[in-house]
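Grab a pencil and open the viewer. Here are a few exercises on empty space, packing and cysteines, each with a worked solution.

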Amino acid sequence: MAEAKVLLSMGGSIATVQLHNPERYNALSRQVIEELAAAARALAVNRHIRAVIVHGGEAKAFCSGADLKERAGLNETEVFETVHLLRETVNLYAHLPMPVIAAIHGTALGGGCELALACDIRVMAEDAQIGLTETSWAIIPGAGGCTRLPQLVGPAMAKELIFTARKLSAAAAERIGLANRVVPRADLMATVHEIAKEIAANAPLAVRAAKRAMNGGLAEAAGLALEWEGYQSLIPTADRLEGLRAFAEKRPPVFRGE
C-alpha cells in the first residue's frame, strides 16, 4: 500500500491538511492531487469544522507545483486528465464552506501557488517565495491562477507577475496583498492556528454565509472557463515539451513559439 501523501486531521473544530511528499518538495503528483481531493470532499460535508489549515509539514516547501518529473512521462491525454483533476481539486478548496488558511513556507510555485490562492487567507514565513511560474514552462496557470490572482492584487499587477513568471519574496507578496501577513518561520504554525481559533470562536453559520457572499461566483466561473480553454490549447505545443526536456536536462528552455 502506497504511503499517504496528504495527511488530514479533523479533531475538534479546526482541521489541518498537510501535504506529505517531502522528497519531491511537496510536488503535485497524481497521488497527491487525488488525496488532496479526497480530503476536501471529507471536509465539505463535516458540519463541525469551522476552519481549515493547509500546510507543507516538515518538507522544504509548501508546494513546489506540478511534479514535472512525473509530467514528462505522460502523454497528452494523461496530461489533460491530470491538470483537469488538479483544477477541480483546487476549486474544491476554494469552494469549501468554511474559511481555509494557507501556511506557506519554502516555496509555493505554479500549482502550489494556485492552491494557496484558493485559500481565503495566506500567511507566509519570512523566507518563503510565491509565484505563478507557468509561462516559463510554456503553459499558463490552469488551476485558477489567471482568475484568482487578479482578484487579489488587481489586473495590472497580476498580468506583470504571470507574464514574467516572477517569484515574489514574502515581503513583496505582503506589500501587494497576496499575503495577509508575514511571520518568522518558527512562528508560522502558531500564527495560523491563532487565526483559525479566532475564526472558530465566531458563529459558524454566519462565517460560512459571509464567505459565500464575498466569493460571488459568476465572474469567477467565466474566468475559469477561459483559463481552461487557453491551457488546453497549449498541451500539444512543441514549446511545452521543450520546457519539460529542459527541466529534465537542467538547462534553460529554448522556446520557438510552436
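The exercises below go from pockets to cavities, then to the core, the cysteines and one surface residue.

Before starting, note that this is a predicted model, where local features need pLDDT of at least 70, side-chain atom pairs count only at pLDDT 80 or more, and totals for chains, interfaces and linings use all residues. Residues are numbered from 1 along each chain as its sequence is written, and side-chain values use heavy atoms, with hydrogens and water left out.

**Exercise 1.** Describe the largest pocket: its volume, its lining and the elements behind it.

*Solution.* Start with the rule: on a 1 Å grid over the protein atoms alone, a pocket is an open set of points with protein on both sides within 12 Å along at least five of seven lines, a cavity is a set where a 1.4 Å probe fits but cannot get out, and lining residues have an atom within 4 Å of a point. Grid points are joined across faces, edges and corners, and volume is the space filled by probe spheres set on the points.

Step one: the largest pocket holds about 750 Å³. Step two: 36 residues line it, with S64, A66, L68, W137 and F247 the closest to its centre. Step three: α2 (68-71), α3 (76-94), β5 (107-109), α4 (111-118) and α11 (238-249) each give two or more residues to this lining. Helices here are DSSP runs of H or I with at least four residues, strands are E runs of at least two, and both are numbered from the N terminus. Step four: sort the lining by class and you get 17 nonpolar, 9 polar and 10 charged residues. For that sorting, Ala, Val, Leu, Ile, Met, Phe, Trp, Tyr, Cys and Pro are nonpolar, Asp, Glu, Lys and Arg are charged, and the others, Gly among them, are polar.

**Exercise 2.** Which element gives the most to the lining of the second largest pocket?

*Solution.* This pocket comes to about 590 Å³. Among its 26 lining residues, A94, D120, K211, M214 and N215 sit closest to the centre. At least two residues apiece come from α4, β6 (121-125), α5 (145-153) and α9 (204-215). The winner is α9, with 7 residues.

**Exercise 3.** What lines the second largest cavity?

*Solution.* The count is 3 cavities of 30 Å³ or more, and the second largest has a volume of about 50 Å³. Around it you'll find C113, I130, G131, L132, L149, L161, R166, L168 and L178. That splits into 7 nonpolar, 1 polar and 1 charged.

**Exercise 4.** Find the residues that touch the most other members of the largest nonpolar core.

*Solution.* A nonpolar core is a set of buried Ala, Val, Leu, Ile, Met, Phe, Trp, Tyr and Cys residues joined through side-chain atoms within 4.5 Å. In the largest, with 49 residues, look to V54, Y93 and I130. Helix α1 (residues 30-44) supplies the largest share, 6 residues.

**Exercise 5.** Why does C119 form no disulfide?

*Solution.* A disulfide needs two cysteine sulfur atoms within 2.5 Å. The closest cysteine sulfur to that of C119 is in C113, 11 Å away, so a bond is out of reach. The whole structure has 0 disulfides.

**Exercise 6.** Is R175 buried or exposed?

*Solution.* Buried means under 20% relative accessible area, exposed over 50%, and partly exposed in between (1.4 Å probe, protein chains only). R175, found in helix α7 (residues 170-175), is exposed at 66%.
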